[in-house]
Amino acid sequence: MLIIGSHVSMGGSEQFLGSVKEALSYGANALMVYTGAPQNTLRLPLSRLRIPEAQALLRESEIPLDRVIVHAPYIVNLANPGEEKRQFAIDFLTQEVRRTAAMGGKIIVLHPGAHMNEGSQEGIRRIAEGINRILANTPESGVTIALEGMAGKGTEVGRSFEEMKNLLDLISDQSRVGTCFDTCHTHDAGYDVVGDFDGVLAEFDRIVGLHRIRVVHLNDSKNPREAHKDRHANIGFGFLGFDVLHRIAHHPVFAKIPKILETPYVPDESDPKRSFPPYRWEISMLREGKFDPDVLKLIRQGEPGEEPED
């Protein structure tokens, strides 16, 4: 069974319940949400998220809670040189871990941070210190922080397997830290995902350890290998291509790991203000192993949606 879902919205009156309904409408058996907009730190009280109803629907749909992934917002940076801003990031992410636990989630994905010209070694030290404090603040949560490998934009930390290993090695509680493997990021960082994916996995295993992968972000890329851009493309319409992504989705190493699509909404050709979620079609193609080059036309015939902010 392919364990696959997508990024879904959480907003309006239904909140988390609406997220689960949206995921089910795509034929998904996993999902990923922000607990609020990723561009700010405004968050609703837990009492307004409709968590009991969402969990009931998950049970009815036989989707276990360990396939509900939370993604931390991008606005906080544990590597920030400013002590006050780092403390804010620690405090906010502590609350995000607690919110994840309250929703029943087991994993929160986190972009490690950017060292802001202080050097990767210093950035790694600061991020590890922040994560250690967050984990110490939340011993009861049982939530794992999955650090996402990055494409290498600007001063991002985690742009190589070696940087990820160096960061993970500084975490005190190894039972509550892991990684998120993003196909677009790994390709854009310079690894040969297209020509030698098994070799990439072998290198990751040697340096980081495959056992540390908790989530896979399954995305095509708008850019050639080693572009360091991080611009996602729809499945089959980028430099990775459908065949490569289908093989990754069904790779035995990832059999029990949730695969999450973060591909872009498809714009309406006649109205740029409207766009359509691609996930029902992309999930179906990946399950069936058949790529339809006209799928974008089919997607545009669906219902427009509210794209998750990223």
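The following paragraphs describe two helix packings, two cavities and the largest pocket in a predicted model.

The account begins with helix H3 (83-103) and its packing against helix H4 (residues 120-137). The axes of H3 and H4 approach to within 9 Å and cross at roughly 40°. Angles under 35 degrees count as roughly parallel and those from 65 to 115 as roughly perpendicular, and the two helices are therefore oblique to each other. The crossing of H3 with H4 is right-handed. On the H3 side, the contact is made by Arg86, Gln87, Ile90, Leu93, Thr94, Val97 and Arg98, which meet Arg126, Gly130, Arg133, Ile134 and Asn137 of H4. By residue class, this contact comprises 4 nonpolar, 4 polar and 4 charged residues.

H4 also packs against helix H5 (residues 161-168), with axes that come within 9 Å and cross at roughly 40°. H4 and H5 are therefore likewise oblique to each other, and H4 passes H5 in a right-handed crossing. Here Ser120, Ile124, Ile127 and Ala128 of H4 meet Glu163, Asn166 and Leu167 of H5. The residues in the contact of H4 with H5 fall into 4 nonpolar, 2 polar and 1 charged.

Attention now turns to enclosed space. Rolling a probe the size of a water molecule over the atoms reveals where empty space remains. A search of the whole structure yields 2 cavities of 30 Å³ or more. The second largest cavity holds about 40 Å³ of space. Its lining consists of Ala72, Leu93, Val97, Ile108, Leu110, Ile134 and Ile145. Leu93 and Val97 of H3, together with Ile134 of H4, also belong to the contact between these two helices. H3 and strand S4 (107-110) each contribute at least two residues to this lining. In class, the lining of the second largest cavity is made up of 7 nonpolar residues, with no polar and no charged ones.

The largest cavity contains about 120 Å³ of space. It is lined by 16 residues, and those nearest its centre are Gly149, Met150, Gly158, Phe161 and Thr186. The elements that give two or more residues to this lining are H5, strand S6 (177-182) and helix H6 (183-189). S6 supplies the largest share, 4 residues. The lining of the largest cavity divides into 8 nonpolar, 6 polar and 2 charged residues. H5 thus appears both in this lining and in the packing with H4 described above.

The last feature is an open one. The largest pocket encloses about 570 Å³ of space. It is lined by 28 residues, among which Tyr74, His111, Met150, Lys153 and Asp230 lie closest to the centre of the pocket. Met150 is also among the residues nearest the centre of the largest cavity. The lining of the largest pocket comprises 11 nonpolar, 8 polar and 9 charged residues.

Terms used
Residues numbered from 1 in each chain as written. Predicted model: local features only at pLDDT ≥ 70, side-chain atom pairs only at ≥ 80, totals over all residues. Heavy atoms only, no water. Axes fitted to C-alpha atoms, helices over the stretch in contact; angles between N-to-C directions. Parallel < 35°, antiparallel > 145°, perpendicular 65-115°, else oblique. Left-handed = near helix turned anticlockwise from the far one by under 90°. Contact = heavy atoms within 4.5 Å. Nonpolar A, V, L, I, M, F, W, Y, C, P; charged D, E, K, R; others polar. 1 Å grid on protein atoms, 1.4 Å probe; cavity = no way out; pocket = protein on both sides within 12 Å on 5 of 7 lines; lining within 4 Å. Points joined across faces, edges and corners; volume = space filled by probe spheres on them.
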